[in-house]
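Q: I'm new to this one, so could you take me on a close look at the charged side chains and how they pair up?

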Amino acid sequence: MNSTLLHTRELSIGYGSTRIAGSLSVQLKAGQLVCLLGPNGAGKSTLMRTLSGLQKPLSGEIYLGDQALAQIPPRELAQKLSLVLTDRVEAGHLTVGELVALGRTPYTNWLGSLTFDDHQKINWALKLTGTDAFIDRRLPQLSDGERQKVMLARALAQDTDLILLDEPTAHLDLPSRVELMRLLHELARQTQKAILLSTHELDLALQAADVLWLMGSGGKFEHGVPEDLVLNGSFERTFAASGFAFDRSTGTFQLYPNPTGPALRLGGDSPSLFWTRRALSREGYQLQEYAEHSVQVTDEGWLIDEQTFVTSIQTLLQELSNRYSYRKHA
């Protein structure tokens, strides 16, 4: 079984006398990727800063192994836990190699001299994140995606059992966000480190995380395997106050949860069924099991009311609009 690297006991977090959430009893285990999700203002960054030791808890305890976090000296803590914050790092004209080497600071002597072991850790981190390809480039020359991977490489070079990342995908385009989430999942497995990240990438978190931590409004907190939290309603409850409607059957948020258009019976087992459902929902059609009118999805195309066959979703939508004299924005 995976060992527990961090756990809390009746932890309450907040600022001053303002309590944001508690009492929290959670744990991070070796080899797991844990995603912290919740609406803006729920306290995700506060929890991350508290778990990393940057902010004191209101009450309760945080343990790294069997040591209380508050009792661990800063240098020793930096050898156990690394943190990557949302803030964009401006490292002047340091090269990628020089920035990643800073991850070894907790282990170097007062001169900052790097040993053979230090260089091995740096090269390992560079190779694992694919940043060795631009080791001599300077930070201003990097894209946001490349820069974020460099910051992850620095955290890996620090060689801690725990890595905490606050919104690591915030400045990335979609391909870079997908790549980074996949990389983090693989790193947790390969290195047996525990990786905790806060993120707004709900769809990606549902796919990549081993465990979700859900922070809702009013200090509500739930945790568990993503699929369990979806099936028991915890996931949609966390975001309900934000006005989102979550579809458990597809694992997606609905932009148009209350359609008012004509009722359609949708059937078929083609891979196109999912995209057909999405297009019809966007256009406001009510998808009902016993509707009078039907759309049957096949591998070759779409059959409307067992009479009219079309070969694209665009043509399907136009035919339905003509047939039922309905337009969503009319």
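A: Here is a walk through the salt bridges, with a short stop at charges over rings. Keep in mind that this is a predicted model. A search of the whole structure turns up 13 salt bridges, so let's just visit some, going by the cut-off of a Lys or Arg side-chain nitrogen within 4 Å of an Asp or Glu carboxyl oxygen.

Start with Lys121 and Asp159, whose closest N and O atoms are 3.0 Å apart. This pair links distant parts of the chain: Lys121 belongs to helix α4 (residues 116-129), while Asp159 is in the loop between α5 (144-157) and β8 (162-166), 38 residues apart. Lys121 is partly exposed at 25% relative accessible area, and Asp159 is partly exposed too, at 26%.

Next up, Arg323 and Asp305 form a salt bridge, with 3.4 Å between the closest N and O atoms. Arg323 sits in helix α11 (residues 313-324) and Asp305 in the loop between β17 (302-304) and β18 (308-310), so their bridge ties together parts 18 residues apart in sequence. Arg323 is partly exposed, with 27% relative accessible area. Asp305, at 18%, counts as buried because the limit for that is under 20%.

There's a network as well: salt bridges with shared partners join Arg104, Asp117 and Asp118. Arg104 also lies over the face of Tyr107, 4.1 Å from the ring centre. In a similar vein, the charged end of Arg9 sits over the ring of Tyr63, at 4.7 Å from its centre.

Last stop: Arg137 and Glu146 meet through their side chains in a salt bridge of 3.1 Å, N to O. Arg137 is partly exposed, at 29% relative accessibility.

How values were computed: Residues numbered from 1 in each chain as written. Predicted model: local features only at pLDDT ≥ 70, side-chain atom pairs only at ≥ 80, totals over all residues. Heavy atoms only, no water. Lys NZ or Arg CZ within 6 Å of the ring centre and 35° of its normal. Helix = DSSP H or I, 4+ residues; strand = E, 2+ residues; numbered from the N terminus. Buried < 20%, exposed > 50% of the residue type's maximum accessible area, 1.4 Å probe, protein only.
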